[in-house]
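Visitor: I'd like to understand where the labels people put on a structure come from. Could you walk me through a few?

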Amino acid sequence: MLTAGNALELRAQVENESCERAFDASRARLDFPILRHRIRGREIAYLDNAATTQKPQAVIDAEMSFYTSECSNVHRGVHTLSQRATASFESSRDVVRDFVGASDRKEIIFTRGTTEAINLVAQSFARPRLQPGDEVLITEMEHHSDIVPWQLVCQERGAVLRVVPVTDSGELELEAFHRLLGPRTRLVGIVHVSNALGTINPVRDVVRAAHDRGAVVLVDGAQAVAHIPVDVQELGCDFYAFSGHKLYGPTGIGVLYGKRELLESMPPYQGGGDMILSVTFAKTTYNELPYKFEAGTPNIAGAIGLGAAIRYLGALPFTAVMRHEDELLRMATEALSSLPGLRVIGTARRKTAVLSFVLEGVHPHDIGTIIDLEGVAIRTGHHCAQPLMERFGLPATARASFGLYNTISDVEALYQALQHVEEIFR
Ligand code: 7TS
């Protein structure tokens, strides 16, 4: 039955679809100065976006503007420059809060990146809570930065690290997940989008099941934020970590989102300036959130650059950008699959932005080196996911990963360069 409520919803949906703005990747490409450079006389086909993305002029300008007109330390100066720097830095926090749908700016902690964000949770949340025999549950497709911090803390506390296996197509074995989620599971660590397979995990369902069992969930969003919409309240996750540099922002800046009541209950991760209210040799009282977790002078320019990156993305029609990236992935998968001896690794039903493959008889490093001669930049190796490589019985894969500025020409360049690899090795 069409009620007033769902009629409104339906109309909003129809309007959304009809208003969806077009996205022109070739035009967006012009916003990224590095892509004007040529490598060995050829336009760069930059297909290593999962490692890091290129930066638009708006981000470069924002960092430059901080250093040329605002450079000063934050939170501690009464002078004009310090006030300007503080205002810019803190306004980036608001931009991030809106971007991930957090309800409170106190829930947004600036870190160096995803890795530091996960280590913060491992050390400040898990370490004081884990008892011998407690369990941390992660998946076989985690990046090393969502494995090793848990190993460290489990070893120290006598807790057990359990791992949800993945299927041959690179999807989570959900039955195994439900089986492994037990009364001793205290925390679940799960990657939103796999950097080595491109799989999009059903995070909302995982969170719901984990919460039913009383476990908290940390989501590694490093590969998700640039490619799919992320709303932490909708996902329901307790922690969400990501890096600025994979989101068209600067390196050395990242974010930990955490639910306020959990962050309030956690001790500081590091001690130093800015994270205190008062210090005496007898006793120190800590600053309020988010500063409790931001010891020392932060990466001010980086945070401002990240704010600019999110604003840049926000000005693009995101649905159309997603559609464009999905289309590139589909075309690239189809084209590469037609090459003899090429096998795609990671064929999950829900995927984004990543195409991993192996070519029979050719080491991935040789593929990467040869196609670099034609200006095609991809990543080869274990992608910091060695347990996943082992699961597939491979030492490494070649990985093409897409960003908003990639075009069909990049896919063609990749395909042609791989044909040349074939010719050399056959
Ligand atoms: N988690 C995932 C899923 C990642 O892909 C990466 C980086 C990290 C965590 C760590 O992020 P960082 O910014 O703290 O280093 N992944 C990759 C990659 O796939 N190639 O180079 C870095």
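Guide: Sure, let's take some labels one by one, keeping in mind that this is a predicted model.

Visitor: Why is S82 called buried?

Guide: Buried means under 20% relative accessible area. S82 has 1%, so the label buried fits. S82 is part of helix α4, residues 80-100.

Visitor: Which residues does S82 touch, leaving out those up to four places away in sequence?

Guide: They are S72, N73, V74, H75, R76 and G77. A touch here means heavy atoms within 4.5 Å.

Visitor: And why does R208 count as partly exposed?

Guide: Partly exposed is what lies between the 20% limit for buried and the 50% limit for exposed. R208 comes in at 49%, so partly exposed is the label. You'll find R208 in helix α8, residues 203-212.

Visitor: How far apart are R208 and V255 in space?

Guide: They are 23 Å apart, C-alpha to C-alpha, with their positions 47 residues apart in sequence.

Visitor: Now the ligand. What makes the pair between the ligand and the side chain of D220 a polar contact?

Guide: The cut-off is a pair of N or O atoms within 3.5 Å. A ligand nitrogen is 2.5 Å from an N or O atom in the D220 side chain, which is within that limit. Ligand oxygen atoms also pair up with side chains: one is 2.7 Å from an N or O atom of R399, and one is 3.3 Å from an N or O atom of R379.

Visitor: How much of the ligand's accessible area does the protein cover?

Guide: The protein covers 88% of the 490 Å² that the ligand has on its own.

Visitor: Where does the ligand sit?

Guide: In the second largest pocket.

Definitions and conventions: Residues numbered from 1 in each chain as written. Predicted model: local features only at pLDDT ≥ 70, side-chain atom pairs only at ≥ 80, totals over all residues. Heavy atoms only, no water. Helix = DSSP H or I, 4+ residues; strand = E, 2+ residues; numbered from the N terminus. Buried < 20%, exposed > 50% of the residue type's maximum accessible area, 1.4 Å probe, protein only. Polar contact = N/O pair within 3.5 Å; in protein donor to acceptor, adjacent residues only side chain to side chain. Areas by Shrake-Rupley, 256 points an atom, 1.4 Å probe, with all protein chains shown as cover. 1 Å grid on protein atoms, 1.4 Å probe; cavity = no way out; pocket = protein on both sides within 12 Å on 5 of 7 lines; lining within 4 Å. Sits in = over half its atoms within 2 Å of the grid points.
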